[in-house]
Amino acid sequence: MNKWFFAALFVLLAGCTVNVDYSISDTDGRSKLVELSVYDGDNNSLGNASVFVEQISQDFFYNVGDYWDDNSPDEAGTNLYNVYLDWSWKDLEPGDGNFDWDYLNTLGFQDAFSAEQVMVRLGVMSTSAWIYNTGGAKESAGFPDWVDADNNSLIMDKYLEFVTALVNHFNDLSFSPDFYMVEVELNALGQHSNMTNNESIAWLGRLVNAIKSANPDAVVAVDVAAQNLSPFMDEGREKNSILVNEDLYPLSVPDWLGKINSINYDIISYRMQPFGWMSNGNWTDAVNSVEMLCNFNRSVYISWAGFLSEAPVLPEGAADFEYYPVNYSEEWQLNNSLNLMDYLLGNPCVIGVYWDYYDFVEHGIGGNNSNSVRLTSGFTTGYRNDNGDVVNGVKKLVFNPMKELWDEQFVNTVLVTGENGSVSFYGFLGEYKIILSKGLIWRTLFIKV
């Protein structure tokens, strides 16, 4: 009897089909209105059907890390994986034109294939600028031994050859990141690398073109420093009139973006310290700055939002650390962070944010002296690993509340169709798993919003 029962049930289920039409429309913010129309096999509206909606991915780039080269633990709920190549040119091209792509796996590249979203970070000149500024040398920033570190023109030509080979290697692997981020704080590059702002802009255009020539579908983000938020910007211009006249002084973000408008990039990547020395006020300072960025008709990715807003603990005899115009409690930071994150999620111009939720001890200011200064962000993992005085960070008070706010963005609900077989829900861009059921009729489908 059981055999005939299951056979009959199979025939019944085989004849029970369900069809779904859906439409997606914009709203005032970043969310979309998704409308489903459900029909049975005879194309009749299927009323009173259960619709389980589970969002399984989110297109908003969200990451939490100790700095821009680390991928955060799963517990943070992040969805963006970083392939960080700024310091790896010498390892990936140990000889001129001889590439060691296996080295990518030592950087965790194999995990990028299964990641929800991937950013590949490229950049060479500005990383070197930081090294120069701390008394180091270009070789310390990942330049191969076979490149003349004093010949900027040669460095650029050879690096573009490397980037072209890298993107072609990705093409061979059928791998394309969601976006490339090129350089770091290019608008603050000139005075440290002996490149004028105009020379930096020309270099940037060549780098973007090299990526897009190798992969016309590549999406490129250009990273800038939040100079316009610095309370020292105007004061610095007065003190460094020679640098200003020689086109070596850092440009404000609006000036810089206006000058690079003709470059074929896609995303403004913007790092800021919204509650620290880049700002004298609260989260609304950052909002005003983001609104300014949105006027340039490109998407905006907040590539680093750090704190730097509590007074450092200085060792006895150490000089004062000047970059702390404010000293806010962690409770204040928590409230302002949540307000800022809520704003970023609601602004359709903003496509993602990378938050720094950890405290670190940094070996000296800029890494070049013996004074141990407690700061709220560290240098790269490699730097910390090479310096014994650098310790791992701890979660800030904002960590769990921010994760809860992020988790709330995901749709996970059960709806019921009306008599006309229709139902609707609001959700952010991403992929959704939808299970429809009514009696013995059921169907699972995936839709991209």
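**Exercise 1. Confidence along the chain**

For residues 321–325, over which pLDDT stays under 50, how many contacts beyond four places in sequence does the model have? Determine also how the confidence of the protein chain stands overall.

*Solution.* The structure is a predicted model.

Step 1. Residues 321–325 have 17 contacts beyond four places in sequence in the model, while their pLDDT stays under 50.

Step 2. Taken over the protein chain, the mean pLDDT is 78, and 71% of the residues reach 70 or more. Residues 1–15 have a pLDDT below 50, and this stretch makes three contacts in the model beyond near neighbours in sequence.

Step 3. Where pLDDT is low, the predicted coordinates should not be read in detail.

**Exercise 2. The chain as a whole**

Describe the secondary structure, the burial and the exposed surface of the protein chain.

*Solution.*

Step 1. Count the elements: the protein chain contains 14 helices and 17 strands.

Step 2. Consider burial: of the 449 residues in the protein chain, 52% are buried.

Step 3. Consider the surface: about 19900 Å² of the protein chain is exposed, with carbon and sulfur atoms supplying 47% of it.

Step 4. Consider the contacts between residues at least 6 apart in sequence: 73% of them join residues at least 24 apart.

**Exercise 3. The disulfide**

Identify which cysteines are joined by a disulfide, and explain which parts of the chain the pair ties together.

*Solution.*

Step 1. Apply the distance criterion: a disulfide is a pair of cysteine sulfur atoms within 2.5 Å. The count by this rule is one disulfide.

Step 2. Name the partners: Cys294 is joined to Cys349, with an S to S distance of 2.4 Å.

Step 3. Place them in the fold. Cys294 belongs to helix H11 (residues 283–294), and Cys349 to the loop between helix H12 (330–346) and strand E11 (350–356); the pair therefore ties together parts that are 55 residues apart in sequence.

Step 4. Describe the geometry and setting. The link of Cys294 and Cys349 is left-handed, with -110° about the S-S bond. Both Cys294 and Cys349 are buried.

**Exercise 4. Helix H12**

Compare the reach of H12 with its expected value, list its buried residues, and state whether Glu330 is buried, partly exposed or exposed.

*Solution.*

Step 1. The 17 residues of H12 reach 24 Å from the first C-alpha to the last, which is close to the 24 Å expected at 1.5 Å a residue.

Step 2. In H12, the buried residues are Gln333, Leu334, Asn336, Ser337, Leu340, Met341, Tyr343, Leu344 and Leu345.

Step 3. Glu330 is also placed in helix H12. Its relative accessibility is 28%, so Glu330 counts as partly exposed.

Step 4. Glu330 and Val398 are 68 residues apart along the chain, and their C-alpha atoms are separated by 7.7 Å.

**Exercise 5. Strand pairing**

Trace the partners of strand E2 and of strand E16.

*Solution.*

Step 1. Begin with E2 (residues 32–40), which has seven of its nine residues buried and is thus mostly covered.

Step 2. E2 pairs with strand E1 (residues 18–26) in the antiparallel sense over nine bridges. Ser25 has Leu33 in E2 as its bridge partner. The two strands, E1 and E2, form a hairpin with five residues between them.

Step 3. E2 also pairs with strand E15 (residues 422–427), in the antiparallel sense and over six bridges. There, Ser424 in E15 is the bridge partner of Glu35.

Step 4. Turn to E16 (residues 431–438), which is joined to strand E3 (residues 50–55) by six bridges and runs antiparallel to it. Val51 stands opposite Leu436 in E16.

Step 5. E16 is joined to strand E17 (residues 441–448) by eight bridges, again antiparallel. Opposite Glu431 stands Lys448 in E17. The hairpin of E16 and E17 has two residues between the strands, and in it Gly439 takes a positive phi near 60°.

**Exercise 6. The surroundings of Met119**

State whether Met119 is buried or exposed, and which residues it touches beyond four places in sequence.

*Solution.*

Step 1. Locate the residue: Met119 lies in strand E6 (residues 117–122).

Step 2. Apply the cut-off: buried means under 20% relative accessible area. Met119 has 3% relative accessibility and therefore counts as buried.

Step 3. List the contacts: not counting residues up to four places away in sequence, Met119 touches Leu80, Tyr81, Asn82, Val83, Phe179, Met181 and Tyr301.

Step 4. Examine one pair: Met119 and Asn82 are 37 residues apart in sequence, and 5.0 Å apart in space from C-alpha to C-alpha.

Definitions and conventions: Residues numbered from 1 in each chain as written. Predicted model: local features only at pLDDT ≥ 70, side-chain atom pairs only at ≥ 80, totals over all residues. Heavy atoms only, no water. Helix = DSSP H or I, 4+ residues; strand = E, 2+ residues; numbered from the N terminus. Buried < 20%, exposed > 50% of the residue type's maximum accessible area, 1.4 Å probe, protein only. Contact = heavy atoms within 4.5 Å. Areas by Shrake-Rupley, 256 points an atom, 1.4 Å probe, with all protein chains shown as cover. Expected span 1.5 Å × (residues − 1). Pairing = 2+ DSSP bridges. pLDDT = per-residue confidence, 0-100.
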